[in-house]
Amino acid sequence: MYVPKHFAADESAVRDLLVGHGAGDLITSTADGLLATLLPFIYDPSVGEQGALLGHLARNNPQWKTPVLGEALAIITGPDAYISPSAYASKQENGRVVPTWNYVIAHVYGELVIHDDPAWLDGLVRRLTEKHEAQFAEQWSVDDAPEAYVSGQLRAIVGVELVISRIEAKAKLSQNRSGADIDGVVSSLEARGDLASAEAVRAAKPEK
């Protein structure tokens, strides 16, 4: 990934992205070509030197049983948004502005480990459920479903663990613009209702 210095994401931003994201694209290079699946991940920092992303695939999905050539890749994205030149104060000053796209992204590389183990999968789906149910006042639990039904569902999936070897991360959030332009971007995003992107730009604004 091309990452200019002023758009490099720091360790804190990368960790927040890995911990807080919803789903990501798992991409593997195989003898049959590239394979890709969108799936929710849990970030586990206790695995290896840089942690791991844990998820699961449908047993009928051929990606888990197709040998990987080299490293696997997970693409994790944060807020992203179109930025109109009209948001910039400098548009009125000199007109030398063009549209762009703001985004936060991490390319996570590593070894893909397969877990065809009901106990491992049971722990994973409970962690995934607890993470995403936390936003609800009335939270669903795996134990709310019949045990035999859950066991059947677990037999229909296979676990995947991406043991992280390296991360390339980028936070392109208007840091290369003037303070007035950045404030204009934040206001424009808030007016459009994209509060997540607005907060990301505000948080990344360089200190004077």
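Okay, let's start with the order of things along the sequence: the protein chain reads α-β-β-β-β-β-α-β-α-α-β-α-α. That makes 6 helices and 7 strands. Before I go on, please keep in mind that this is a predicted model. For overall dimensions, the C-alpha trace spans about 65 × 45 × 30 Å along its principal axes.

So, the sheet. How many strands form it, and in what order? There are 7 strands in an open sheet, and going across you meet β2-β1-β5-β6-β7-β4-β3, with antiparallel pairing. If you look at the two ends of that order, you find β2, residues 33-40, and β3, residues 42-44. Each of those edge strands has a single partner, so one side of each is left without a neighbour in the sheet. From one strand to the next, the twist averages 35 degrees.

Let me walk in from the β3 edge. β3 pairs with β4 in the antiparallel sense, over 3 bridges. If you want a residue to click on there, take Ile42, which stands opposite Leu54 in β4. Next step inward: β4, residues 52-58, runs antiparallel to β7, residues 157-172, and 7 bridges join the two. On that side of β4, Leu53 faces Leu162 of β7. Then β7 also pairs with β6, residues 100-115, again antiparallel, and here we have 13 bridges. A handy marker for that pairing is Glu111, whose bridge partner in β7 is Val163.

Now a quick detour to the aromatics. Searching the whole structure turns up 1 aromatic pair. There are also a couple of arginines placed over tyrosine rings. Arg166 has its charged end over the ring of Tyr109, 3.8 Å from the ring centre. And Arg177 does the like with Tyr88, where the distance from the charged end to the ring centre is 4.1 Å.

Right, pockets. The largest one holds about 450 Å³ of space. Its lining has 21 residues, and those closest to the centre are Ala13, Val104, Leu173, Ala200 and Ala203. Which elements give two or more residues to that lining? They are α1 (11-20), β5 (72-83) and α6 (195-204). Of the elements, α6 gives the most, with 5 residues. By class, you get 12 nonpolar, 5 polar and 4 charged residues around this largest pocket.

The second largest pocket has about 240 Å³ of space. I'll read out the lining, in case you want to select it: His56, Val125, Leu128, Thr129, Trp140, Val142, Ala145, Tyr149, Val150, Gln153, Leu154 and Ile157. Two helices, α3 (118-133) and α4 (147-155), each supply at least two of those residues. The largest share is from α4, which brings 4. And how does this lining divide into nonpolar, polar and charged? It has 9 nonpolar residues, 3 polar ones and no charged ones.

If you put the two linings side by side on the screen, look at the charged class: the largest pocket has 4 such residues, and the second largest has none.

To wrap up, here's what I'd keep on the slide. There's an open sheet of 7 strands with antiparallel pairing, and β2 and β3 stand at its edges. Then there are the two pockets, with α6 giving the most to the lining of the largest and α4 giving the largest share to the lining of the second largest. That's it from me, thanks.

Definitions and conventions
Residues are numbered from 1 along each chain as its sequence is written. This is a predicted model: local features need pLDDT of at least 70, side-chain atom pairs count only at pLDDT 80 or more; totals for chains, interfaces and linings use all residues. Side-chain values use heavy atoms; hydrogens and water are left out. Rings of Phe, Tyr and Trp (its six-membered ring) pair if their centres lie within 6.5 Å; planes under 30 degrees apart count as stacked, over 60 as edge-to-face and the rest as tilted. A charge sits over a ring if NZ of Lys or CZ of Arg is within 6 Å of the ring centre and within 35 degrees of the ring normal. Two strands pair if DSSP finds at least two bridges between them. On a 1 Å grid over the protein atoms alone, a cavity is a set of points where a 1.4 Å probe fits but cannot get out, and a pocket is an open set with protein on both sides within 12 Å along at least five of seven lines; lining residues have an atom within 4 Å of a point. Grid points are joined across faces, edges and corners, and a volume is the space filled by probe spheres set on the points. Ala, Val, Leu, Ile, Met, Phe, Trp, Tyr, Cys and Pro count as nonpolar, Asp, Glu, Lys and Arg as charged, and the others, Gly among them, as polar. Axes are lines fitted to C-alpha atoms, for helices over the stretch in contact, and angles run from 0 to 180 degrees between N-to-C directions.
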